[in-house]
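User: I am new to this one and would like to understand the terms used for it. Could we go through them together?

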Amino acid sequence: MKAATAVLALFVLWAAVPSAKSGSAANANAEEIRVLLLEAAWNQAEEKKDAHALNLLLADTLSYIDYDGTLMDKSQFLVSAKDRWLEPSQITNESTTAHIYGQSAVVTGVYRETGTNHGKRYERRGRFTDTWIKVGNSWQCVASQSTLIAP
C-alpha cells in the first residue's frame with residue numbers, strides 16, 4: 001500500500017504541472033519537469049514491483065535494452081520487474097536532463113541501483129537514455145537503453 005501511495009503522490013505532482021503549448025520555453029520547461037517526475041515514478045514503481053504503475057508509464061510498443069544488452073518488449077519487461085529473486089532496495093537518478101521535441105522527449109542521465117539478486121547484494125551505476133512520447137495529455141516511455149559505468 002505504501003508503494004502505491006508513493007507512486008500516486010508522484011502522479012499528483014505530475015498532474016499539477018501545467019501542460020505545455022508549443023512555442024513557449026516556459027511551457028517546454030514544464031513538460032521537461034513532468035517527464036522527469038515520471039522518470040522518478042518509474043524508479044519507485046520498479047523498487048516496489050508495482051506492475052500496474054509501470055504499465056501506465058510504458059507504451060505498449062516499448063523497446064527496452066537492459067544494461068547487459070538484453071532486449072525486452074513491454075510484457076517481458078513487466079515480467080522481469082516482478083522477478084521474485086530480484087529485490088531492488090533503491091533506484092535513483094542523478095544528472096538527468098530532459099529535452100522536449102514537439103510531442104517527444106529524450107531523457108538522459110545516470111542511475112544508481114542497489115539490492116539483492118538471488119540473495120546476493122548488487123550495486124549498479126549506469127548511463128541511460130529514455131525516449132517518451134506524448135499521447136493525449138500524458139507521456140509514455142517508448143524506448144529505454146542503459147549502459148553500465150564505473151561506480
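Analyst: Happy to; what follows is a set of questions on a predicted model, each answered by setting a value against its cut-off.

User: Why is Trp42 called buried?

Analyst: The cut-off for buried is under 20% relative accessible area. Trp42 has 3% relative accessibility, so Trp42 counts as buried.

User: What makes Trp42 and Tyr64 an aromatic pair, and why is the pair called tilted?

Analyst: Ring centres have to lie within 6.5 Å, and tilted is the word for planes that are neither under 30 degrees nor over 60 degrees apart. For Trp42 and Tyr64 the values are 6.5 Å centre to centre and 50° between the planes, so the pair is tilted. Trp42 belongs to helix α2 and Tyr64 to strand β1, so the pair ties together parts 22 residues apart in sequence.

User: How do you know that Tyr64 is buried?

Analyst: Its relative accessible area is 9%, and the limit is under 20%, so Tyr64 is buried. Tyr64 also forms a tilted pair with Phe77, at 4.4 Å between centres and 45° between planes. That pair links strand β1 with helix α4, 13 residues apart.

User: And what makes Phe77 count as buried?

Analyst: Phe77 has 2% relative accessibility, so Phe77 falls under the 20% limit and counts as buried. Ring pairs join Trp42, Tyr64, Phe77 and Trp132 into a cluster.

User: Why are the buried residues of helix α4 said to line one face?

Analyst: The buried residues of α4 (residues 74-81) are Lys74, Phe77, Leu78 and Ala81. Seen down the helix axis, they fall within an arc of 100°, so they line one face of α4. An α-helix has 3.6 residues a turn, so residues three or four places apart point the same way.

User: Which members of the largest nonpolar core touch the most others?

Analyst: That core has 23 residues, and Trp42, Leu54, Leu58, Phe77 and Trp132 touch the most other members. Helix α2 gives the most to this core, with five residues.

User: How do you know that strands β3 and β4 pair?

Analyst: At least two bridges are needed, and 13 join β3 (residues 86-101) to β4 (residues 104-117), so the two strands pair. They run antiparallel, and Thr92 stands opposite Arg112 in β4. In their hairpin, with two residues between the strands, Gly102 takes a positive phi near 65°.

Technical notes. Residues are numbered from 1 along each chain as its sequence is written. This is a predicted model: local features need pLDDT of at least 70, side-chain atom pairs count only at pLDDT 80 or more; totals for chains, interfaces and linings use all residues. Side-chain values use heavy atoms; hydrogens and water are left out. Buried means under 20% relative accessible area, exposed over 50%, partly exposed in between (1.4 Å probe, protein chains only). Helices (H or I, at least four residues) and strands (E, at least two) are DSSP runs, numbered from the N terminus. The arc is that of the directions from the helix axis to the C-beta atoms. A nonpolar core is a set of buried Ala, Val, Leu, Ile, Met, Phe, Trp, Tyr and Cys residues joined through side-chain atoms within 4.5 Å. Rings of Phe, Tyr and Trp (its six-membered ring) pair if their centres lie within 6.5 Å; planes under 30 degrees apart count as stacked, over 60 as edge-to-face and the rest as tilted.
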